[in-house]
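Welcome, and thanks for taking a look at this one. Please keep the sequence and the structure open side by side as you read.

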Amino acid sequence: MAVTASDGITHDELRLAARNHAMPLEALSWPVTPVGLHYLLIHYDVPVVDPAEWRLVVGGAVNRPLELDPDQIRARPSIDLTTTMECAGNGRALLEPRPLSQPWLTEAVGTATWTGVPLADLLEEAGLTTGVTDVVLTGADHGVEGGVAQAYERSLDLATAMTAGAVLAYAMNGSALPPQHGYPLRAVVPGWYGMANVKWLARITVTEERFSGYQMDVAYRFRQTEGEPGRPVTLMLPRSLMVPPGVPDFYTRRRVVGMGRIRLTGRAWSGRGPIVGVEVSDDGGSTWMETVLVSDVPSLWAWTGWWCEWEPPGPGEHVLCCRATDVTGESQPMEPVWNLGGYENNAVQRVLVTVV
C-alpha cells in the first residue's frame, strides 16, 4: 500500500537515496553524460554475474529458442543508440503530500550512448509464432515489493518490441556496462521512462497472452487512489532543465550571481517526439522569452540543448523557470499533477537566484 508524507524525509527514503543517485545539474553541459554522472536507480540488489556462467535465454512462443553467451551476443551485428533516459519518478519529492519512495527532485536523468544488438533482430532470429502479444524482459535481480517476491520483469507489446528501436546493450559510452547499469546485458527502450529499460537481463519470454506482472499491473501506473486501475506509465513527457547559473550556497544549493548579462543554458527532451521550443522566465512564470535550440547530439532520442541571454533587472531574489514544448504541442505545466506513485511530474523547474 502506498504511503505519503508531508513532513521530514524518512530513514527508509534516506537508505534509497544513498543507494541511488541523481545527475548533478551542471552535467547538463555535456551532450553525452559521463557514466559516473548518469542517474541510477537500483530496485533490489546489484547481481554479481559470472560472465562464464551467464546466458541470455530467449524462449516462449518462438520457433527457435536461443541460449546465448556474452561472446555470441557481441558477435552479432550491433548498433549505437544515443538516448536520454529519465526515471518515471523524477520530481516525486516535489509533490505534496510526498509519495514515499525514492525521493527524486528533478535530476533523475542522463544521456548515454548504448552499444548492442537490436531486440527486433534477436526476435526475428528466434522466429515468432502466430498469436504473439507480449515480449517479457526478466532481470537477474530479485526482491520483495508490495509483499510479492519477484524478479524484476517488464513487458513490451509486440509492436513496441519490434518497432521502437529497443537495443540489448552490452556497452555504455564505449566501455563495458558497469555492474550498476546492468552488466552484462540490459534493455534500452528509447523514449520510454527508465522502468522499461530492464537491467541484468537474463531471459526474454515471448507470450501469446498479455503479461500481468507486478511491475506492469501494480507499480508504474498513474492513479490517484489505491482502488483504481489507472493507466500505465510509458513515454517520457516533455521536460526542460537549466544549468543553475552562478555559484551555489553549499547547504541550500541556492544560486548567487552578479549583475550583468548571463548566458543561461540547459537541455530539453520528450519521449513523444522532438523538442520544438524552450522558454525561460525570470519572474516565476508570469512572462516568458524564447531560447535558441542547439542540436549537438546526433540522435532523434537524445535531448536538445538550448540557451538564451539573461540580464538581471536588478539586485534581489528572482525565480528562473524553463518550459519545453514538444512536436505534439504538449508543454510542461506550471504545477504538478499529484498521483499515488509520484510519476510523470514534469512541472517546470524553478531555480532560486540571488542577484548581488
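## The second largest cavity

Helix α2 (residues 70-74) supplies the largest share of the lining of the second largest cavity, namely three residues. This is a predicted model, and the space in that cavity comes to about 50 Å³. Its lining is made up of Trp 54, Pro 70, Ile 73, Arg 74, Tyr 170, Pro 184 and Leu 185. Sorted by class, six of these are nonpolar, none is polar and one is charged.

Pro 184 deserves a second look. The peptide bond leading into it from Tyr 183 is cis, with omega near 10°, and Pro 184 sits in the loop between β10 (175-176) and β11 (186-188).

## The largest cavity

How many cavities of 30 Å³ or more does the structure hold? There are two, and the largest has about 230 Å³ of space. Its lining has 21 residues, and Leu 41, Arg 186, Gly 194, Asn 197 and Lys 199 are the closest to the centre. By class, the lining residues of this largest cavity split into 13 nonpolar, five polar and three charged.

## Two nonpolar cores

The largest nonpolar core counts 69 residues, and Leu 56, Leu 168, Met 195 and Ile 204 have the most contacts inside it. Strand β9 (residues 167-172) is the biggest contributor to this core, giving six residues. Apart from that core there is another, of 17 residues, which include Met 242, Leu 264, Cys 308 and Val 353.

Leu 168 is a good place to centre your view. Setting aside neighbours within four places in sequence, Leu 168 is in contact with Leu 56, Thr 115, Gly 116, Val 117, Leu 119, Leu 122, Leu 185, Arg 186, Ala 187, Leu 201 and Ile 204. Two names in that list may be familiar by now: Leu 185 also lines the second largest cavity, and Arg 186 is among the residues closest to the centre of the largest one.

## Two enclosed strands

Strand β4 (residues 79-86) has six of its eight residues buried, so it is largely enclosed by the rest of the structure. β4 runs antiparallel to strand β6 (residues 109-118), and eight bridges join the two. One bridge to look up is that of Asp 80, whose partner in β6 is Thr 115. Thr 115 is also one of the contacts of Leu 168.

Strand β22 (residues 304-310) is likewise largely enclosed by the rest of the structure, because five of its seven residues are buried. Strand β18 (residues 262-269) is joined to β22 by seven bridges and runs antiparallel to it. Here Leu 264 has Cys 308 in β22 as its bridge partner, and both residues belong to the core of 17 residues. Strand β21 (residues 292-294) is also antiparallel to β22, with three bridges, and Leu 293 stands opposite Trp 306 in β22.

## An open sheet and its edges

Six strands make up an open sheet with mixed pairing, in the order β16-β17-β24-β23-β19-β20. β16 (247-248) and β20 (289-290) are at the edges with a single partner strand each, so one side of each has no neighbour in the sheet. At one of these edges, β16 pairs with strand β17 (residues 255-257) in the antiparallel sense over two bridges, and Pro 248 is placed opposite Arg 255 in β17.

## Backbone details worth a check

Most residues other than glycine have a negative phi, and most peptide bonds are trans. Arg 253 has a positive phi of about 65° although it is not a glycine; this residue is in the loop between β16 and β17 and is partly exposed, at 44% relative accessibility. Tyr 220 also has a positive phi, near 55°. Tyr 220 is in the loop between α5 (214-217) and β13 (221-222), and at 7% relative accessibility it counts as buried.

A cis peptide bond also links Glu 96 to Pro 97, with omega near 0°. Pro 97 lies in the loop between β4 and β5 (98-99).

## Thr 33: buried or exposed?

Thr 33 is buried, with a relative accessible area of 0%, and belongs to the loop between α1 (11-19) and β2 (56-60). Not counting residues up to four places away in sequence, Thr 33 touches Met 23, His 38, Gly 110, Thr 111, Asn 173 and Trp 303.

Definitions and conventions
Residues numbered from 1 in each chain as written. Predicted model: local features only at pLDDT ≥ 70, side-chain atom pairs only at ≥ 80, totals over all residues. Heavy atoms only, no water. Pairing = 2+ DSSP bridges. Helix = DSSP H or I, 4+ residues; strand = E, 2+ residues; numbered from the N terminus. 1 Å grid on protein atoms, 1.4 Å probe; cavity = no way out; pocket = protein on both sides within 12 Å on 5 of 7 lines; lining within 4 Å. Points joined across faces, edges and corners; volume = space filled by probe spheres on them. Nonpolar A, V, L, I, M, F, W, Y, C, P; charged D, E, K, R; others polar. Buried < 20%, exposed > 50% of the residue type's maximum accessible area, 1.4 Å probe, protein only. Core = buried A, V, L, I, M, F, W, Y, C linked by side-chain atoms within 4.5 Å. Contact = heavy atoms within 4.5 Å.
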